[in-house]
Amino acid sequence: MSESLLLEVNHLSVGLHTEAGYKKAIKDISFRINSGETLVLLGESGSGKTMTALAINQLLPAVAGYSSQSQVNFKHEDLLSLSEVQMRKYRGNKIGMIFQEPMSSLNPVFTIGQQIGESYKKHTQLTSKAIKAKVLSLLDAVGIPAAKKRMNDYPHQLSGGMKQRVMIAMALAQDPQLLIADEATTALDVTTQYQVLQLLKTLQKNSNMSMLFITHDLGVAAEIAHRVAVMYNGHIIENSNKENFFNKPLHPYSQRLFDVLPDIDKRDRLLKAIPGTVPPITDTLVGCPFANRCDQAWEICHKIFPKLTKVNEHKVACHLYTTDHVPTSIQHDKQTVLKKNKSSGTILSIENVKIFYPIRSGILQRKVGEVKAVDDVSFILKKSQTLALVGESGCGKSTLGKSLLQLVDSTAGCVNYQGRNILQGKNSIQLRRDIQMIFQDPYASLDPKKTIFQSISEGMKIHGLSNKQTLLSEVDRLLDSVGILKDYKYRYPHEFSGGQRQRICIARALAVKPKIIICDEPTSGLDVSIQAQILNLLKNLQSTYELSFLFITHDISVVSYLADEVAVMYLGKIVEQGSVYQLLEDPKHPYTKILLSAVLRAKKEQKTPAKLTGEQPSPIEPPTGCYFHPRCPKAMAQCKKEYPKKAQFGENHWAACHLY
């Protein structure tokens, strides 16, 4: 890694002109990035990370403005002094950027080849043939299979991981000296996430490229960082090299970020969640912005903002390191030990469920094929227990969950609940009450025209669970149980953060007193502190009301903390199932082993995962034999011929693999 300075940000302050006046959002931050170095900007949503990235590239909205002291020096050229026309020579050419959401950043009406080639048309004099060759080379470099064919595809024809790779290819088209990656791996599967990070590290090594990598994921930061800067409320509150930060974080906020990480060793107790929420970056707070949530705060913390002070190899903004006076008593949160609910039998039995979608073509719309979304799946859900359904995006997890509520029609199989197959005929009102669902996107699943009170009380009215006199107090009780102030009940969904909206969805599901809740990626993409609050809430509710959860996710750390049993799904089939300890400590199926080895850990040594080649096959034409054999490092001739039978390893542990 070269030590030559590439980017130097000095006293960067950005304000927003709002109806309430001028509000500072980025507050006097400074950092440096050397050639070949990766600085990770770490922090929760709303801390100012993305605005910092946009400020460097002069991409801020019209309502924003820089302070007169702000400087962004790129190779000693102050970017903030350049005109819009001059900045265009830097954007994409010398400074590449990967935006957070690839689907909204890619133009749906142009092929990916056209979109990647646009940079060459703008900055070079290359012919169309030469541009096409460059685009093909880039797609190969970022690991897009069948690049020649794929370059003519539109964004909607690609998986999430492939769209993210296309965004990387676009950002790297002109061999930029600095790459800004804004949450480039958020909500990706663990295998895809690991592949994307290794790709970026390889490209960096080959070209000595520098990176500003924005994330809220500590595991991702541990994998890719050389240095880490922690942001909170528009301030940088800690800055250190990776080794020092992960071995001994100094700021109380940084320490609490590690405390809230879910882990199998914390299963019997609630996580030490950070109380409260991140204050909006436009809030002008007196003193340390973290003081109201800090268990080590004392008088001075509420009065004076601490300066960034050097402590050994760290820089930290905390009064604990700027004065000899130490608070006499620090109130640490006590960890709540949960009572263990013992299962008292099966509450839901899924047997040989198939969900196939017909593919029709021609004027007469004849059936020419079918999409095998869920293919012969069986498992049982026990009372007061959590079964986690894990696997890559597109494997059929969410489709299966929705089918249990008849939101998706099943082709075959049965789901037994209280002695009847709930997939046949219309479900009774009682069944709708007993089985509820928390959807992946809390904003899309709440009616934007209804207040929170209306959304939560609707189910209670339908099922006759409350009268007019008790409805108000019952909604207040539910909001209190999920940590939302009852005074907020007449607000609308857009007035809440993502984590708060997810809590409201949980309150709505609980309102009808269900026995089973299907949780579809309820913590996907959430900050670790909000995730901890949601997981604590689910743990508490299960312990109190003896609920059963079918928890759909691709986050293995969440599985290790919450699940009692785990089923691993691949291309519509379950390939391995067992207790959480059996599956995480002694996995049998090659796919399960690859999934687990690709999990990024914040404070544990990262094992090099077995290589997972190619993309998940299409459910329209699944491979012959074992569906996983085209990507399996241990595939044999037999794997290509027939689908393997179950091999039993214990009372509840089995895997479908020819190795056994």
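Let me begin with a lining: His 589, Pro 590, Cys 626, Phe 628, His 629, Cys 632, Lys 634, Ala 635, Cys 639, Cys 657, His 658 and Leu 659 surround the second largest cavity. What we are looking at is a predicted model, and in it this second largest cavity holds about 70 Å³ of space. Sorted by class, its lining residues come out as 8 nonpolar, 3 polar and 1 charged.

Stepping back to the whole structure, the search returns 6 cavities of 30 Å³ or more, and the largest of them encloses about 100 Å³. That largest cavity is lined by 15 residues, of which Pro 252, Cys 288, Cys 294, Cys 301 and Cys 318 are the closest to its centre. Its lining contains 12 nonpolar and 3 polar residues, and no charged ones.

Now to the charged side chains, where the count comes to 19 salt bridges. One of them joins Glu 84 to Arg 91, at 3.0 Å from N to O. How exposed is Glu 84? Glu 84 counts as partly exposed because its relative accessibility is 37%, whereas its partner Arg 91, with a relative accessible area of 16%, is buried. Another salt bridge pairs Lys 367 with Glu 370, with their closest N and O atoms 3.1 Å apart; here Glu 370, at 23% relative accessibility, counts as partly exposed.

The next pair is Lys 573 and Asp 375, whose salt bridge has its closest N and O atoms 3.8 Å apart. This pair links distant parts of the chain, since Lys 573 sits in strand β23 (residues 573-579) and Asp 375 in strand β15 (residues 366-382), 198 residues apart. Both Lys 573 and Asp 375 are buried. There is also a network, in which salt bridges with shared partners connect Arg 256, Asp 259, Lys 272 and Asp 295.

Which side chain of opposite charge is nearest to Asp 182? Asp 182, found in strand β8 (residues 178-182), is buried yet has no salt bridge, and the nearest such side chain, that of Lys 49, is 6.6 Å away. The side chain of Asp 182 does, however, make a polar contact of 2.9 Å with the side chain of Thr 50.

I will finish with Leu 423, which is placed in the loop between β18 (420-421) and α13 (429-434). Why does Leu 423 count as buried? The reason is its relative accessibility of 18%, given that buried means under 20%. The C-alpha atom of Leu 423 is separated by 40 Å from that of Ala 184, 239 residues apart along the chain.

Technical notes. Residues numbered from 1 in each chain as written. Predicted model: local features only at pLDDT ≥ 70, side-chain atom pairs only at ≥ 80, totals over all residues. Heavy atoms only, no water. 1 Å grid on protein atoms, 1.4 Å probe; cavity = no way out; pocket = protein on both sides within 12 Å on 5 of 7 lines; lining within 4 Å. Points joined across faces, edges and corners; volume = space filled by probe spheres on them. Nonpolar A, V, L, I, M, F, W, Y, C, P; charged D, E, K, R; others polar. Helix = DSSP H or I, 4+ residues; strand = E, 2+ residues; numbered from the N terminus. Buried < 20%, exposed > 50% of the residue type's maximum accessible area, 1.4 Å probe, protein only. Lys, Arg positive; Asp, Glu negative; His and termini not counted. Salt bridge = Lys/Arg side-chain N within 4 Å of Asp/Glu carboxyl O. Polar contact = N/O pair within 3.5 Å; in protein donor to acceptor, adjacent residues only side chain to side chain.
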